[in-house]
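User: I would like to learn how to read the features of a model such as this one, step by step. Could we begin with solvent exposure and then go on to backbone geometry, packing and charge pairs?

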Amino acid sequence: MRVLAIGDIGVVDSMVHIGDEAMFEQFLTEARARGTDEIVAMSSNPAESSQRYDIETVPRLGLSGDRLAMAAQAARAEFAVLETVDAVVIAGGGNLAAQWPIHLIERAEIARRAVQRGIPLIITGQTLGPELTPADERMLAELLGSAQAVGVRESPSRALAARLGVRPERLHQGADDASFLGLRDGEHPEARPYALVSLSLFLGAADQFAFVESVAGLLDSIAQLTGVEIVFHAHYGSLAAPWHRGDVILHEAVAERMSTPSRCHPVGTAIEAAHLAHGASLVVASRYHAAVFAAAAGVATLGITVDDYTTVKLEGALGAFGQGWTVSADALAEAPEIAARLWASRREIRVRGQSIAIERRQETKAWWDRVLGLVWRA
């Protein structure tokens, strides 16, 4: 059984996106555990991904420009790998929204060609919208409608998929695909004396100076209240010099405005990022997968949202494990008080989260059984 797996992977110019790699890595782990070893991955850097995961790879369609230009390029692109596979799985890179039309256009074109060839399509780990143009909605409806099963991460995504015509028996809502990456069944990591901070450079309409000042004050208040070390970790960052790129730019700006000492942890791999979140006493994150990893281990987490899209994602990630502590970028003045309440509830949150994780893990296992079962019936 030969499967084409489409994620958003590939380290380009030494820059890695931890969350995208994490989702693909979890799919690969689940597929191999169920006897599916012949996987072809689409990557922005095929050689790097091939070496990283020990798999065959193919390049992306190479789209660029505006929406019309990308749609025309997609229609003309050669993608001979579809002649060699038995199934297509869209695994991770779960951002089917107006902000990233390249993902929607690329996946829709590949799905269209797969359907024309009678190749089964399964979609997993997606956030849909909430912002979509009318043309996006039509394209998304066609994409989702062509899939034998559709996995989404949040209630708003499920509602949107249903509105676009996905039949209930084909639609599944679950925790993020990478929730249990690096976390063994029954494992409960010990809380260590650090607060993990992972911030995205994407700030929506927020003023960067005000955001930096407010987050610096929040982290100082956490350090003073808890006595733990503040540790920054980039989820979009560089694996080689120059280091001052991606999330590190914002982390260093915040650290410079703090009165409390802090440190930056090297970017590393997705599993290393997961372990770092699992062991934290507290997590502060606008980066989605820092919250995903932490919540699955029962770590008290404060999500910082900057727009409707990040609100949907962070509330979904935390809500899946019984948490709901978020603050918007324009309300960060309230964050120190929220963080204090969160810290006071951290033990209760950990116990409840770890209990919920037992149920979520079983749901996740059943989902992967379904996904790979559909692949094998292709």
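Analyst: A residue is called buried under 20% relative accessible area, exposed over 50%, and partly exposed in between. Please keep in mind throughout that this is a predicted model.

User: With those cut-offs, is Asp 54 buried or exposed?

Analyst: Asp 54 has a relative accessibility of 66%, and because exposed means over 50%, it counts as exposed. Asp 54 sits in the loop between α2 (46–53) and β4 (56–59), and its phi is positive, about 55°, although the residue is not a glycine. Ser 14 can be read in the same manner: it is not a glycine, yet it has a positive phi of about 65°, and its place is in the loop between β1 (2–9) and β2 (15–17). With a relative accessible area of 26%, Ser 14 is partly exposed.

User: Turning to the peptide bonds, which bond that leads into Pro 130 is cis?

Analyst: The bond from Gly 129 to Pro 130 is cis, with omega near 5°, and Pro 130 belongs to the loop between β7 (121–128) and α5 (134–145). Another cis peptide bond joins Ala 241 and Pro 242, with omega about 0°; Pro 242 lies in the loop between β12 (236–238) and α8 (247–257).

User: How should I read a nonpolar core, and which residues touch the most other members of the largest one?

Analyst: A core of this kind is a set of buried nonpolar residues joined through side-chain atoms within 4.5 Å. The largest has 41 residues, of which Ile 18, Leu 196, Val 283, Phe 293 and Phe 321 touch the most other members. Elements giving two or more residues to this core are α1 (18–33), β10 (194–198), α9, β14, α10 (288–296), α11 (308–319) and α13 (346–376), and α10 gives the most, with 8 residues. A second, separate core of 38 residues includes Leu 4, Met 42, Ile 105 and Val 152.

User: What does Phe 321 contact, leaving aside its neighbours within four places in sequence?

Analyst: With those neighbours left aside, the contacts of Phe 321 include Ala 175, Phe 180, Ala 295, Ala 296, Ile 356 and Arg 360.

User: For a helix such as α8, which residues are buried?

Analyst: In α8 the buried residues are Asp 247, Val 248, Leu 250, His 251 and Val 254. Viewed down the axis of α8, these buried residues fall within an arc of 160°, so they line one face of the helix. They pack against β10, α7 (208–226), β11 (229–233), β12 and β13 (262–265).

User: Serines can be buried as well, I suppose; what does the side chain of Ser 281 reach?

Analyst: The side chain of Ser 281 reaches the backbone oxygen of Arg 192 at 2.4 Å. Ser 281 is placed in the loop between α9 (270–278) and β14 (282–285), and because its relative accessible area is 11%, below the 20% limit, it is buried. Not counting residues up to four places away in sequence, the residues that Ser 281 touches include Ala 191, Tyr 194, Val 299 and Trp 343. Ser 157, found in helix α6 (residues 155–163), also counts as buried, at 0% relative accessibility. Ser 157 and Val 312 are 155 residues apart in sequence, while their C-alpha atoms are 8.5 Å apart in space.

User: Finally, how many salt bridges does the structure hold?

Analyst: Side chains of opposite charge can pair when their charged atoms come close. The structure holds 28 salt bridges. In one of them Arg 112 pairs with Glu 109, the closest N and O atoms being 2.8 Å apart; both residues lie in helix α4 (residues 101–116), 3 residues apart, which is about one turn of the helix. Arg 112 is partly exposed at 30% relative accessible area, whereas Glu 109 is buried at 10%.

User: Which partner does Arg 112 have in helix α5?

Analyst: Arg 112 also forms a salt bridge with Glu 142, the closest N and O atoms being 3.0 Å apart. Arg 112 lies in helix α4 and Glu 142 in helix α5, so this pair ties together parts that are 30 residues apart in sequence. Salt bridges that share partners also join Asp 8, Arg 60, Glu 106 and Arg 107 into one network. Within that network, the side chains of Glu 106 and Arg 107 meet at 3.7 Å, N to O, and both of these residues are buried.

Definitions and conventions:
Residues numbered from 1 in each chain as written. Predicted model: local features only at pLDDT ≥ 70, side-chain atom pairs only at ≥ 80, totals over all residues. Heavy atoms only, no water. Helix = DSSP H or I, 4+ residues; strand = E, 2+ residues; numbered from the N terminus. Buried < 20%, exposed > 50% of the residue type's maximum accessible area, 1.4 Å probe, protein only. Polar contact = N/O pair within 3.5 Å; in protein donor to acceptor, adjacent residues only side chain to side chain. Contact = heavy atoms within 4.5 Å. Arc of directions from axis to C-beta. Salt bridge = Lys/Arg side-chain N within 4 Å of Asp/Glu carboxyl O.
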